[in-house]
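Open the model in your viewer and keep the selection box at hand. Each stop says what to pick and what to look at there.

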Amino acid sequence: MRDHQSRARTVRSSRPAVAVPLAHLHLLTHRNHHYNQAYKIPFIMSESTNIAAGMDIDEAAIDEGLYSRQLYVLGHEAMKRMAVSNVLIVGLQGLGAEIAKNIALAGVKSVTIFDPEPVTIQDLSSQFFLREEDIGKPRAEATLPRLAELNAYVPVRNLPGVAGQEVTVDLIQGFQVVVLCGASHQKQLEINDWTHQHGVHFIAAETRGLFGSVFNDFGPKFTCVDPTGEQALTGMIVSVAKDGEGLVTCLDETRHGLEDGDFVTFAEVQGMTELNGCEPRKVTVKGPYTFTIGDTSNLGTYKSGGIFTQVKMPKIIDFKSLRESLKSPELFVTDFAKFDRPTTLHAGFQALSEFRSQHKRFPRPRNTEDAAAILSLAKNIDAEINENILTELAYQATGDLSPVVAVIGGFVAQEVLKACSAKFHPMVQHLYFDSLESLPAILPSEQDCQPIGSRYDGQIAVLGKDLQEKIANHRQFLVGAGAIGCEMLKNWSMIGLGSGPRGVIHVTDLDTIEKSNLNRQFLFRSKDLGKFKAEVAAVAVSEMNPHLSSKILAKQEPVGPATEGNYLSFSQISLVTYLAPGVYNAEFFQGIDGVTNALDNVKARLYMDQRCVFYKKPLLESGTLGTKGNTQVVVPNLTESYASSQDPPEKETPSCTVKSFPNAINHTIEWSRKQFENLFIKPPQAVNAYLSEPNYLETTLKYSGSSKDQIEQIVSYLVTDKPLTFEECIVWARLQFERDYNNEIRQLLFSLPKDAVTTSGQPFWSGPKRAPDPLVFNSSDPTHLQYIIAAANLHAFNYGLRGETDSAIFRKVADSVIVPEFMPRSGVKIQVNENEPVSSANDGVDGDLDDVVSKLPSPSSLAGYRLTPVEFEKDDDTNHHIDFITAASNLRATNYKIEIADRHTTKQIAGKIIPAIATTTSLVTGLVCLELYKIIDGKTKLEDYKNGFVNLALPFFGFSEPIAAAKNKYGSTEWTLWDRFEFVNDPTLNDIVSWFRSNHNLEITMVSQGVSMLWSSFIGKKKSEERLPMKFSKLVEFVSKKAIPPHVKHLVVEVMVSDEDGEDVEVPFLVVQI
């Protein structure tokens, strides 16, 4: 699950993942909502009356440009339900701010905040909307302006109050969701009693140092319309038994993927037609290609065909009130290695609240007296508590850590969205989280954790001053400033990473800011569109924490071979020599302590992994895919690297299926994407190459396997079909429609008639092969006309002609086109499967290539003339790109009687858009930063670290130890990917050969550097005598016939060796200093 199809990745672990049983959830009925949508004008309010009742502002439509990536996670219906939900957040320290940020970005109807308490210096430990100049102001009032900037469609309001005033029932009326952050248990009970009775969704959450707690109550009958959010499964069937069980057998190309208890319906079944459009039938899985659907004995007899489609069934969940749940809690487990902790923490958080009520404060950091009081209170609730865990909870009660806030805040925000939208399964009902393994290996003393009047006091209370100093002087390289990068920098600014005299943060990203980024990359605003991400992000977090001013160095240079320099190396992907004076050279890596990836593609991830292995730097890796996220920590000399495990390659659709036998909308979208390239990109590029490259024609005729096709295409675009007016572009589009949706289909059916049979006598057009029908152009059909409009405008763009959008003009011109009569050709070969050769457009057509070439004008007669190839851009709704692909795909789908897809769906598939939502990004980044604490502390045990996988839709948390680096062996010496042999002072080749022989009793049989084989045991005595005495740098220059650039300081070398028995032995690579 990687590269552009996904940023989330399956992380292997040294312990098997534990399947999490979903809590025993019952069902519920969701209140009807009016499908109003979010408000379009920024709105900031502060009024003394109950303002919730006036929240009835509507919006005409969801802004797909802003919300596109999130829409692929939630869908339109869920967002419509969110857009009528008013959310109240009580408590605006770090956790409340994190939740508010995520739900404002998501697009609820309104966010109202309540916290009249004055800002303190300690609030700056995690509250990223506050600044030092806000100290003394009411928290909500100080937070509101920056929160309101995030999303112009979401009004943000301050519910006014005075310091010391707590929220009351009369203040929460009129809201659909109420979130209490850091409230006492007594206040939670008071508010929840009312919300449970009145059908208002309620969430209570708090963080205490490395601990977090969440409670959900969405009412006694809450309807979850889509528990998983996964795309409904579908597949072709080949038989249905007519009996009491109704065994369905699927086509054996793909496993059905269904589970017991799923529901399905059917379409296109012949014979047993009663199944078509039937009420959902419950499935019992019998095998990977079979399942039963219950009694079919009274239905018709199955003949052929059919498609099953999974039906998502609503689920009713019965939530208890907090008062009832405290006595018999339903606990959600976040880490199965800590299976017993939730019960202890359930009592512990109640004890903390009681202590706070009695003493008007929380326990002091690492104070044994206060901790003993907490234990005593907790034992009154549960005598079986884990005292060590509760002691730490007491020690950390005043702690405020941004990474934990990010984890709990991201999770709670997604729960808020579930409450608003009924999309995804809510958490039932109590969550307790901790990351005690992030504590320093040497625990701080009570004195070391005392507040010093610093913005980092919340962190010092947990980790101590010594680790805080290490954090401040840490030097980290962030690769990527997108969604994960922004969240990472926010967390780093809060914890003070790199803020000390020796600290620094490097961040690089070559991308500029686009509108769709604003929905989840929260450091950016509309005014930043077009600017470099790294530069804007660096400025934004320096404003959050002025201690980072001049400490964040923003770059636009991408990581890669072209920017590394300093050495000649072999790539782990391919043996290629790189020569570059680089930005990210040896000196750069020597000046950093670690690397954090915030990337969206595998190639760059693998490259950075390779660099970190070479320079022995820790690497923090993470990714997201919608509600799914993963984290991986790579520690030198301890864990495997990112590249050590590879995800399986994604299955590709056979070219013959796409070209002639599509059976799913994905196939027609892929076909239309190729048509886009074949009509508007490749031909103009070929024309320009012909006009500008002197030997283009000769090279094409000599090397291309389809030279005639290519040259005919150039003749068409440059001579025979070259338009001079826009009307001629419309004519071209109309003829292209005829060719693709009528003529080509008629030709296919001529070559393979609908009654064709296979060599075994079976009907050819059966199973996955759907017999198509040609389309007859109808300008009154919106899809037909949309194709003409988009194709004509794109063709005009190629030629620099002005476009048009008036549909009347297109209809008039298209209807007047005289379409030549088409006669199917005999002898045209159709590629039926992948093993057959690909058919050519000119199969069965005789013709003289010289005649075609003679029609080409000489390049000199068109000096300076060029066409403009289209550059595909999915996020510009005015450029006709997605319009063309949608229309072309849906016309093709209509040919083959495949259900068409809307523009939104087509855009995701054609543009390979990765679904993304701010909640997952926030949580995953928090998990990464909890691992960063460990790296900075210098932990050396594998069990100290955790790889993580989450799915907020289910919800699910899974943690495991990283996998240890695999051990290899030569002789009695063990080694891992982190080992290498290092040679200094530019030794001779003979020095290296002798060293291996005398130190390891190994004989070198071959030496290579980059693409050059420098020496081998079989090159001959004369060459050996010549090369063995050479200094290594001279040997490389001698063999490669290239000078080593002055900036290169070392060479990376591979050797093949054999032991004393003559057996080949694998050894680490060599680094030769020159």
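**Stop 1: helix α26**

Select α26 and add α1 (64–74), α2 (76–82), α17 (665–680) and α25 (881–895). The buried residues of α26 pack against these four helices. This is a predicted model. Now narrow the view to residues 903–911, the span of α26. Which residues are buried here? They are His-904, Thr-906, Lys-907, Ala-910 and Gly-911. Look down the helix axis. The buried residues cover an arc of only 160°, which puts them on the same side of α26. Step on to Lys-912, which follows α26. Its phi is positive, near 50°.

**Stop 2: Thr-668 in α17**

Stay with one of the partners of α26, helix α17. Pick Thr-668, which lies in α17. Is Thr-668 buried or exposed? Its relative accessibility is 0%, so Thr-668 counts as buried. Show the contacts of Thr-668, leaving aside neighbours within four places in sequence. You will find Pro-662, Ser-889, Arg-892, Ala-893 and Ile-898.

**Stop 3: Thr-657 in α16**

Keep Pro-662 on screen and select Thr-657. Thr-657 sits in helix α16, residues 655–660. Thr-657 has 14% relative accessibility and therefore counts as buried, the cut-off being under 20%. Apart from neighbours within four places in sequence, Thr-657 touches Pro-662, Asn-663 and His-667.

**Stop 4: the eight-stranded sheet**

Colour the strands β21-β20-β19-β23-β24-β25-β26-β27. In that order, these eight strands form an open sheet with mixed pairing. Which strands stand at the edges? They are β21 (552–555) and β27 (956–960). Each has a single partner strand, so one side of each is left without a neighbour in the sheet. From one strand to the next, the twist averages 10°.

Zoom in on the β27 end. Strand β26 (residues 947–951) runs antiparallel to β27, and five bridges join them. Label Val-950, which stands opposite Phe-957 in β27. Next, add helix α27, residues 918–937, which packs on the sheet. α27 touches β19 (475–479), β23 (594–597), β24 (619–625), β25 (628–634), β26 and β27. The direction of α27 makes about 170° with that of β24.

**Stop 5: the C-terminal annotation**

Select residues 945–1070. An unreviewed UniProt entry lists this span as "domain: Ubiquitin-activating enzyme E1 C-terminal". In the model, the span is 22% helix and 34% strand. The C-alpha atoms at its two ends lie 30 Å apart.

Now pick helix α30, residues 1032–1040. Its buried residues are Phe-1032, Ser-1033, Leu-1035, Val-1036 and Val-1039. Seen down the axis of α30, these fall within an arc of 160°, so they line one face of the helix. Lys-1041 follows α30, with a positive phi near 60°.

**Stop 6: the seven-stranded sheet**

Colour β12-β11-β15-β9-β10-β14-β13. These seven strands, in that order, make an open sheet with antiparallel pairing. At the edges are β12 (281–282) and β13, each pairing on one side only.

Follow β13 (residues 284–287) into β14 (residues 290–292). The two strands run antiparallel and are joined by three bridges. They form a hairpin with two residues between them. Label Phe-291 in β14, the bridge partner of Val-285. Then turn to strand β10, residues 247–250, which also pairs with β14 in the antiparallel sense, over three bridges. Here Val-248 stands opposite Phe-291.

**Stop 7: Gly-464 in α11**

Select Gly-464, in helix α11 (residues 457–472). Gly-464 is buried, with a relative accessible area of 0%. Draw a C-alpha to C-alpha distance from Gly-464 to Asp-448. The two are 16 residues apart in sequence and 5.1 Å apart in space. Beyond neighbours within four places in sequence, Gly-464 contacts Pro-444, Asp-448, Cys-449 and Gln-459.

**Last stop: confidence**

Colour the model by pLDDT. The protein averages 90, and 92% of the residues score at least 70. Select residues 567–580, where pLDDT is below 50. Beyond near neighbours in sequence, this stretch has 51 contacts in the model. Then select residues 841–846, where pLDDT is also below 50. That stretch has 12 such contacts in the model. Where pLDDT is low, the predicted coordinates should not be read in detail.

Key: Residues are numbered from 1 along each chain as its sequence is written. This is a predicted model: local features need pLDDT of at least 70, side-chain atom pairs count only at pLDDT 80 or more; totals for chains, interfaces and linings use all residues. Side-chain values use heavy atoms; hydrogens and water are left out. UniProt positions are given in the numbering used here, feature names are shortened, and annotations may be inferred rather than shown by experiment. Buried means under 20% relative accessible area, exposed over 50%, partly exposed in between (1.4 Å probe, protein chains only). The arc is that of the directions from the helix axis to the C-beta atoms. Contact means heavy atoms within 4.5 Å. Two strands pair if DSSP finds at least two bridges between them. Axes are lines fitted to C-alpha atoms, for helices over the stretch in contact, and angles run from 0 to 180 degrees between N-to-C directions. pLDDT is the predictor's confidence in each residue, from 0 to 100.
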